[in-house]
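Visitor: I would like to learn how to read a model such as this one, feature by feature. Could you take me through it slowly?

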Amino acid sequence: MPEPENLSDPSDEHYEIFVQRFTRYEPDLRRFIGSLLPDWSDTDEVLQQTALVIWRKFDQYDPDTHFMKWACVIARFEALSYRRKMARDRLVFREELFELMADEGADEVSERRKELEALEVCLAEMPGKSRRFLTLAYTPGVKVKDMAEEAGSSAAAFYMRLKRLRRKLLSCVESKIQPVGNQG
Amino acid sequence: MKKEDFNELAAEERDWIDAWIDETIEPEEFDLLQDRMMASPALRRIVRRYQGINHALQSIHIEADSATGPWLVKEEEAPDSTWKEKIVAFPVFIPMAAVAALAFFFGLGLMYVTRSVDPGNQATTGGEKPSASGFAVIERIFDPVWEAASVSRQEGDLLGAENFVLQSGTAEIQFFSGATMTVEGPAEIEVKSAWEAVCREGLVRMQVPPAARGFKLQAPSAEIVDLGTEFGLEVRAGVENVEVFDGEILLHRDGQEAKSMKKGASLALSPEGTDGKVNFPNDERFEERSIDQRKIDFDSWKTHRDSLAKDQRLIAYYTFDRNGSGSRIPNLAMPRKPDTDGTFILAEPVAGRWPGLKGALEFRRPGSRMRMNLPGEFSAFSFVCWVRVDSLDRQYNALFMGDGYENGEPHWQIREDGKMMLSVMIDDSRPNPEWPKSGDRFHRVYFSPPIWDLSNSGEWMHLASVFDPVGKAVSHYVNGEQVSSQEIEPLYQVTEFRIGNAEVGNWGLPFRSDPNFAIRNLNGRMDEIAIFDAALSEAEIADLYEKSRSARR
């Protein structure tokens, strides 16, 4: 079987910096992309593509500037071109809204991080049964629709419960990230 | 500043957002939602926040699986109020939350694997249809005695529509609906689906979470429909008893109206029954023994690890346990050489063979890899690892790969047809003299017979391959047993062995021209790999397997 020739040896140091930066900001990038696309596997794909492009262009990166800002520009572009590819999908925002969401989302990286921290606390505070239900509903490859179908009559109940729990979590997160006395 | 809360939104906006996330939104609604979003920065911000939470929830399984995620830890430390209430009412029957949750996730993991098997891919794995489907998995078994070796089972085995017969001992069966059965032998259980089973004999405790409500258990003289609860069933020599520990069940008997039984109720189904005095399998004790056994296995592995690390023939030994939260994986071979530590990228730290005790790295995502640099010249190669392959997605699925595949550098991988491959570059400056026009650089690949198909998905396996230039043979091993050994012909002699820059779980760097060829990430996880500058003997490989294995592979 043919093995392609090695194109060039990357400088180890260069690669180390890439690995170090990328690993550090990967969760932020994932959350950024994730706030734009409804589906987890879409997010995965865009993140993957973003990683490749970041590596390809890494020699253009100025180590003195903020990596996340630079990476967000690439991720935004990759997410947009992905959006165009799947524009037929009825769940994808129209382009002008998508761009608006991307631009605003890029400035909210630390906000997303705080929300995630709050979410972990909220989940821990949640009754075990609810948490397990959520885990089951969110197992990749298991769609609530399928779960509900298998359970027969209680399809609507599944959705209701999921929605209720998710909203509860959101409220909990909101209560933890927004300072008291800021209401009204 | 205006408060930007979900609850401040109009009711229809909240519903649209939920419908969008659940992928059930109607096109007209989606248009309206987008119009409102264009007009309202607050709405956009809330959608991003909500969607962020939605995505985080989707990654729960990863966190939970690693057994160090905040969810499990919290649950172990502080059972929530629901559990506390139950503790007051039924002290004996409280599942140890953390362990139960682990078992639960394990079952779900398998459900994912079996569901994600793409029928279109099955053709590529050979003529025989792999049997990766099942309705349940055997989570744990203790002190089992089998009627015959042919009906014996291992932990982790999948159960399809079939009988499970246990002469004595205790087993825990996790149905993919989410229901858990703990059964004490002598027992005969017939699995009919993820939602239905028959108990012909045995002491059974069923735990049915809300998601598995409606689970049916057929006893000889009645059918029990579980309405989300916990109950026990005894079927022994004509005696049948049922007892409801929590929640509610429906009892259907021939010619009679369905009877509802609630928490605390017990009933003798047969004339000789003795209601309420049955000692059903107690899963708290079961959990304790399970934890003990795992701890014993893990401790013995640690002893083995520490002694193996001193083997002077080791080039590298990685067990994928991290120090803190960094992305560095130490090379444990003594004396320590920090320059040869590995760094992982995109690979995910997950649970290893002893969840909660030992880590592993998962290379599921296309760019996942662990990189390292192993300088020096060697005289032979032996590669030994514990790996759990979920599927063979790529034409070549990397185990351990030299970066440039230059002279003396190894490629150890699994082909999509399940054959292990080991090759070492002989001369990268000229083509193979036997096929000068092939365009291939001069190397030879040594294959094993197929050692993996979809039925092995999710199973931990011990793989080893040895390149022995003195004995002039390349051998492959699975779980300590040699599966093939092939002569190295004079033309294909290798005289120099090197590694240099290399990767576990993938090959090359993402800038290569043909990503389809270059990306060889292994869809699975590895929890240790050892590379030797020596040709290990058959006995040594068998010994490494025995010493590093656990009771549950």
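Guide: What follows is a conversation about chain B, going from the whole chain to its strands and then to single residues.

Visitor: Before any detail, what should I keep in mind about the model, and how many helices and strands does chain B have?

Guide: This is a predicted model, and every value I quote is computed from it. Chain B has 11 helices and 29 strands, and buried residues make up 57% of its 553 residues. Of the contacts in chain B with a separation of 6 or more, 58% are accounted for by residues 24 or more positions apart.

Visitor: How should I read a helix, and what span should the 18 residues of helix H3 of chain B have?

Guide: The general idea is to set an expected span beside the distance found between the two ends. For H3(B), residues 41-58, a rise of 1.5 Å a residue gives an expected span of 26 Å, and the end C-alpha atoms are 26 Å apart, which agrees. Burial can then be added to the picture: 15 of the 18 residues of H3(B) are buried, so this helix is largely enclosed by the rest of the structure.

Visitor: Turning to sheets, in what order do the 8 strands of the open sheet in chain B come?

Guide: A sheet is read by following its pairings from strand to strand. Here the order is E15-E16-E19-E28-E21-E22-E23-E24 in chain B, with antiparallel pairing. The edge strands are E15 (328-329) and E24 of chain B, since each pairs on one side only. Within this sheet, E16(B), residues 342-345, is joined to E19(B) by 3 bridges in the antiparallel sense, and Ile345(B) stands opposite Arg369(B) in E19(B).

Visitor: Which strands pair with E22 of chain B?

Guide: One partner is E21(B), residues 396-402, which pairs with E22(B) in the antiparallel sense over 5 bridges, with Met401(B) opposite His411(B). Another is E23(B), residues 419-431, which is antiparallel to E22(B) and joined to it by 5 bridges; there Gln413(B) stands opposite Met421(B). E22(B) and E23(B) form a hairpin with 3 residues between them, and Gly418(B) in the turn has a positive phi of about 90°. Strand E22(B), residues 410-415, is mostly covered, with 5 of its 6 residues buried.

Visitor: How do the side chains of strand E8 of chain B point, and are they buried or exposed?

Guide: The two faces of a strand can be read separately. From E8(B), Ala222(B), Ile224(B) and Asp226(B) point one way while Glu223(B) and Val225(B) point the other way, and all are buried. E8(B), residues 222-226, pairs in the antiparallel sense with E7(B), residues 216-219, over 4 bridges, and these two strands form a hairpin with 2 residues between them. Ala219(B) has Ala222(B) as its bridge partner. A further 4 bridges join E8(B) to the antiparallel strand E11(B), residues 248-252, where His252(B) is opposite Glu223(B).

Visitor: Moving to single residues, why does Met370(B) count as buried?

Guide: Burial is judged against a cut-off, and Met370(B) counts as buried because its relative accessible area is 0%, where the limit is under 20%. Met370(B) lies in E19(B), residues 369-374, and its contacts beyond four places in sequence include Tyr318(B), Phe320(B), Phe344(B), Leu361(B) and Val504(B). The C-alpha atoms of Met370(B) and Asn506(B) are separated by 7.7 Å, although these residues are 136 residues apart along the chain.

Visitor: What does Arg444(B) touch, not counting residues up to four places away in sequence?

Guide: Arg444(B), in strand E24(B), residues 441-450, touches Leu422(B), Ser423(B), Val424(B), Ile426(B), Glu489(B) and Tyr492(B). Two of these contacts can be read in more detail: the side chain of Arg444(B) makes a polar contact with that of Glu489(B) at 3.4 Å, and its charged end sits over the ring of Tyr492(B), 4.0 Å from the ring centre. Arg444(B) is itself buried, because its relative accessible area is 18%.

Visitor: Finally, which residues do ring pairs link into a cluster?

Guide: The cluster consists of Phe378(B), Phe381(B), Phe383(B), Phe400(B), Trp412(B), Tyr446(B), Phe467(B) and Phe497(B). Over all chains, the count comes to 25 aromatic pairs.

Terms used
Residues are numbered from 1 along each chain as its sequence is written. Chains are lettered from A and ligands numbered from 1 in the order in which they are written. This is a predicted model: local features need pLDDT of at least 70, side-chain atom pairs count only at pLDDT 80 or more; totals for chains, interfaces and linings use all residues. Side-chain values use heavy atoms; hydrogens and water are left out. Buried means under 20% relative accessible area, exposed over 50%, partly exposed in between (1.4 Å probe, protein chains only). A polar contact is a pair of N or O atoms within 3.5 Å; within protein, one must be able to donate a hydrogen and the other to accept it, and residues adjacent in sequence count only if both atoms are side-chain atoms. Contact means heavy atoms within 4.5 Å. The expected span of a helix is 1.5 Å times one less than its number of residues. Rings of Phe, Tyr and Trp (its six-membered ring) pair if their centres lie within 6.5 Å; planes under 30 degrees apart count as stacked, over 60 as edge-to-face and the rest as tilted. A charge sits over a ring if NZ of Lys or CZ of Arg is within 6 Å of the ring centre and within 35 degrees of the ring normal.
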